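Welcome! Take a moment to turn the model around on your screen before reading on. This report walks through its pockets, its overall build and a few residues worth a look.

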Amino acid sequence: MKFIFLYFFLFWFVSPTLAQQINYHQHIAPIIRTHCVRCHHPAGIAPFSLETFDDVASRGGFVQYVTSTRYMPPFKAD
């Protein structure tokens, strides 16, 4: 019986908090600034900028691919 109550409590009260809406400025931009913009800026060594929402949105599929395959960010040289 305790497990049923615990399950109900977690499902009813906790799950709505976990289903937080993700937005660019609060969740994505800090990651991009921390891991990408040091190279991906207009005068940077990367071939394109990722400084603005439009920059990232226009290359969203590509960014997803290179990060999911761990091609980016590159490892530091030995």
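The lining of the second largest pocket is made of eight nonpolar residues, two polar ones and one charged one. Please keep in mind that the model is predicted. Eleven residues line this second largest pocket, and those nearest its centre are I31, H35, T67, M72 and P73. Helix α2, which covers residues 24-35, contributes the most to this lining, with four residues.

How does the largest pocket divide into nonpolar, polar and charged lining residues? Its lining has 15 nonpolar, three polar and two charged residues. Nearest the centre of the largest pocket, which 20 residues line, are H35, H40, M72, P73 and P74. Here helix α4 (residues 60-68) gives the most to the lining, with four residues. The table puts the two pockets next to each other.

| Pocket | Volume | Lining residues | Helix that gives the most |
|---|---|---|---|
| Largest pocket | about 430 Å³ | 20 residues | α4 (residues 60-68), four residues |
| Second largest pocket | about 200 Å³ | eleven residues | α2 (residues 24-35), four residues |

Now step back to the whole chain. Its secondary structure consists of four helices and zero strands, so to speak in the order α-α-α-α when you read along the sequence. The chain has 78 residues, and 17% of them are buried. Its accessible surface is about 7,100 Å², with 67% of that belonging to carbon and sulfur atoms. Among the contacts with a separation of 6 or more, 15% link residues that are 24 or more positions apart.

H40 is a good residue to find next. It sits in the loop between α2 and α3 (53-58), and H40 is buried, with a relative accessible area of 10%. Leaving out residues up to four places away in sequence, H40 touches A46, P47, F48, S49, L50 and E51. H40 is also one of the residues nearest the centre of the largest pocket.

Two details of the backbone deserve your attention. As background, most peptide bonds are trans, and most residues other than glycine have a negative phi. Which two residues are joined by a cis peptide bond? They are M72 and P73, and omega there is about -10°. P73 belongs to the segment after α4. R70 is also placed in the segment after α4, and phi of R70 is near 65°, a positive value in a residue other than glycine. Is R70 buried or exposed? With a relative accessibility of 67%, R70 counts as exposed.

Finally, look at the cysteines. A disulfide is a covalent bond between the sulfur atoms of two cysteines. How many disulfides does a search of the whole structure find? The search finds zero. Why is C36 not bonded to C39? The closest cysteine sulfur to that of C36 is the one in C39, and because it is 9.0 Å away, it is too far for a bond. A disulfide would need the two sulfur atoms to be within 2.5 Å. Seen from the other side, C39 is in no disulfide either, with the sulfur of C36 as its nearest cysteine sulfur. The surroundings of these cysteines can be described too: C36 is buried at a relative accessible area of 17%, while C39 counts as partly exposed at 28%. The cut-off behind these words is that buried means under 20% relative accessible area.

Terms used. Residues numbered from 1 in each chain as written. Predicted model: local features only at pLDDT ≥ 70, side-chain atom pairs only at ≥ 80, totals over all residues. Heavy atoms only, no water. Buried < 20%, exposed > 50% of the residue type's maximum accessible area, 1.4 Å probe, protein only. 1 Å grid on protein atoms, 1.4 Å probe; cavity = no way out; pocket = protein on both sides within 12 Å on 5 of 7 lines; lining within 4 Å. Points joined across faces, edges and corners; volume = space filled by probe spheres on them. Helix = DSSP H or I, 4+ residues; strand = E, 2+ residues; numbered from the N terminus. Nonpolar A, V, L, I, M, F, W, Y, C, P; charged D, E, K, R; others polar. Contact = heavy atoms within 4.5 Å. Areas by Shrake-Rupley, 256 points an atom, 1.4 Å probe, with all protein chains shown as cover.
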